[in-house]
Structures are given as C-alpha cells and as structure tokens.
Amino acid sequence: MDTGPGAAGAASPAPIPLPRARRAAAGLAAAVALAGFLAPAAQAVPAADAARLAPASGPGSPAKGKVAVHQAATTAQDEQRVRAYWTPERIAALSAPLSKNPHLDRADGARWKGDGAVTTTVGRLFFTDHGEDASCTATLVTSANHSTLATAAHCLNNTDLLGDHDEWQSNLLFVPGFRDGRAPLGRFVVRQAVLNSIWLENDQMDSRTYDAHDQGFAVVGRNERGKTVEEAAGAAQDIAFDAPGNHAAYEFGYPRAASDDAREGLPEYTGRELAYCQGTPREYPGTEEAPEPAGQWGVPCVMGGGASGGPRLSGFSTGTGLGTVVGVDTQSGRMDSTGAVCGDENDARCLRHLVGTQFTAALTKPLFDKAQHLS
C-alpha cells in the first residue's frame, strides 16, 4: 500500500507499488525501488518520544484504537533546528534527475499549469524516515487553528522496509506551493502529528486491517515571518467525511517518478513541480494476496513515489483552485475499465490507479477534531 515518499535520496525514485514491501519478501528489492520511501540521513525520533494517546470520543468513533498525538517540534529551538536541517542542498538531493522527454499532459498525469488556491494549499512535506531524507505531499484544510494539514499516516509514522521498527518521522517540514526548490510562502515546521493508534501496530503485512488507517493530520507552526499557514496561503481546502467515492475528482501531488516511461524525468515527476490527475474514481479491492478494506478509491494516474498524502478533491474548480478533500492517496492498484483488478502493466486496458482511503466520520473525524484544536 505504498504510494509513499519517493525513493531514497541517493537512489533512483520510482512509482508507487501495489503492496507494501514485506507482503512479498521475494520481491523486496523491486518493492523498494517502486515504493519510494525517500531517504538519506537524519536524526531518528527517540523511542521515548512516543505518542500521547487520548481516547477517541463521540458518535462514530472507531470501535478500537485511540487518537495518537505525537509531539514533533514544539519549541522555538525545535523549529529552528528543523529549518536549519533542510538546506537547499538537502532538498535538491530529493529531486530526481530531469530527462529530455517532451511534455505530455494527459488526464492520468500532467503538470498543473493553472493558478488558484491549489498552488498555495498543497505543498511538499519533507521528513526523515529511519535515518533517510524523504518527502510526501500534504494539504492545508479548513480548521479551527488555521494550521492543520491532511496527509497519509505513513508520511508521519512508518516502519522500516521489512515492516519492523516503527518510528515517527523526524524533521517534518511543510512547504506550500513548493516549486523548483523555492518556498514562496515560507516554511512551516510540523509541531504535532495525529493518527489512529492502530496504525502504530502496522506490520506491512495485513493490508485489510491497516490500510484504512493510512491517514493522518499534521499541525504546523508559523513561518519565518510569523504567519500561520492559512494566513500565508490566503485560503484552505474544505474537508468532508463519508462523501461518495465515485464522484469526479482531482488528485494532486509532488511525485518523484512516473509509471509511464514517456513522462519519467519531467519536472512534475521529479518533485520539482505540482502534478495532478483527474477522472472518476474506482474502488480498489486489492489483490488475493493483499486484499484491501472497503473505501480505497482513486483515479487512473501515473504519479509515483512522493505523491503519498496528496489530496483527492471533489467538486474541484479549475478557476479558483478550491475543492473538498474527501481522502488522501496512499498506494497504487491496477484495474481495467470495468473496475476488475488486473496485473499486466503492458496491457493498455490495465490502468494504474492512484488510490487511498476515503475520509469517514468514524475513522477520520476524531483525528481531524483533535488536530484542529492543537496549537
């Protein structure tokens, strides 16, 4: 279930794989290449710095599990350290090499050439995963604290590639509107990360149990100029729970690879620029070896590693750049035009979809409610 961050900083990034690495041990090397949990050196979060757990409450709360709140960088010194860590050189190292391929804009993957709020509310989320630098995508959503981001849980907390040694990501930094190394709105350090504690038990094997919980929220501090992220962005995307999964949607991300060789190495598939896909989502049931829980939706899309945590926006306006976040992308799956699962990447009828959990009142709202009232 990895859409995740792109490949390691020193390794060549590649597309998101269908299952997580440990689900097929024999294919570990290939899974590593395809998944892209971006990487090279950084401080690991001490084991003692674990989540603070608070029971989820209210109607529709998860039947099990608690809301886990991780204190990532809560002091001015912490924020200064994270900003200092992400030098231009480190960030540049997470951009895949450019190719000479001509631009090819299609519904299943294209550079975002428009303006609007999507260019200020969607950004690149940098972090360190098990000692290696990495990146995902995150989105600013309307919230009480004006500082809450929606993203994938594995962008905030992850195991190693074998499904062991669970750790919270460190050095978490959000750059809205990121483009070719620039931070036009400033840089925002993640202060707290929020997800369901069930995700902390993830072993990369049981997709049916864990994949519904690959969603989370991050609360960021102010930028270098003292502005909240919503003040700097001038907008925030709406968020909804229990929205129909099969309504037309746009998906945005900062992928570091493309599953289509003709688009590999274009700026929008190297982490330098914002990319998107659009279409009518289908629900992905998973494979016989790795069945998925209900509610994994997505559109045909070639965006690879680094697009993890990117928003699935319903009711999106290309004029205003605003829509409603109804889910986040976490993995890839192949389906044909009838929605049947298929596996032949050389069959033109077998379309790669970028899919992820659809937000629900039962699983998502308790996380969001906790996050939006943190500071």
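These legends accompany several close-up views of a predicted model.

**View A. An open sheet of six strands.** Here we look at a sheet with the strand order 3-14-13-17-18-12, in which the pairing is mixed. Strand 3 and strand 12 (238–239) lie at the edges with a single partner strand each, so one side of each has no neighbour in the sheet. As a friendly reminder, strands of a sheet pair through backbone hydrogen bonds, and they may do so in parallel or antiparallel fashion.

**View B. Strand 3 meets strand 14.** Moving to one end of the sheet order, we find strand 3, residues 110–111, beside strand 14, residues 275–279. The two pair in the antiparallel sense, and two bridges join them. To get your bearings, pick out Ala110, which stands opposite Tyr276 of strand 14.

**View C. Strand 14 meets strand 13.** Strand 14 also pairs with strand 13 (residues 249–253), again in the antiparallel sense, this time over five bridges. Which residue of strand 14 stands opposite Ala249? Follow the pairing across and you arrive at Gly279. Gly253, in turn, has Ala275 of strand 14 as its bridge partner.

**View D. The cavity and its lining.** The structure holds one cavity of 30 Å³ or more, and the volume of the largest cavity is about 40 Å³. Rolling a probe the size of a water molecule over the atoms shows where such empty space is left. Which residues line the largest cavity? Pro244, Gly245, His247, Ala249, Pro281, Arg312, Ser314, Val326 and Gln358 make up its lining. Sorted by class, four of the lining residues are nonpolar, four are polar and one is charged. Ala249 will be familiar from View C, where it faces Gly279 in strand 14; here it appears among the cavity-lining residues.

**View E. His130 in a loop between two strands.** Look for His130 in the loop that links strand 4 (122–129) with strand 5 (132–141). His130 is not a glycine, yet its phi is positive, at about 50 degrees. Is His130 buried, partly exposed or exposed? With a relative accessible area of 26%, His130 is partly exposed.

**View F. Asp242 in the loop between strand 12 and strand 13.** Our last stop is Asp242, found in the loop between these two strands. What is the phi of Asp242? The value is near 65 degrees, which is positive in a residue other than glycine. Strand 12, on one side of this loop, is the edge strand that we came across in View A.

Definitions and conventions:
Residues are numbered from 1 along each chain as its sequence is written. This is a predicted model: local features need pLDDT of at least 70, side-chain atom pairs count only at pLDDT 80 or more; totals for chains, interfaces and linings use all residues. Side-chain values use heavy atoms; hydrogens and water are left out. Two strands pair if DSSP finds at least two bridges between them. Helices (H or I, at least four residues) and strands (E, at least two) are DSSP runs, numbered from the N terminus. On a 1 Å grid over the protein atoms alone, a cavity is a set of points where a 1.4 Å probe fits but cannot get out, and a pocket is an open set with protein on both sides within 12 Å along at least five of seven lines; lining residues have an atom within 4 Å of a point. Grid points are joined across faces, edges and corners, and a volume is the space filled by probe spheres set on the points. Ala, Val, Leu, Ile, Met, Phe, Trp, Tyr, Cys and Pro count as nonpolar, Asp, Glu, Lys and Arg as charged, and the others, Gly among them, as polar. Buried means under 20% relative accessible area, exposed over 50%, partly exposed in between (1.4 Å probe, protein chains only).
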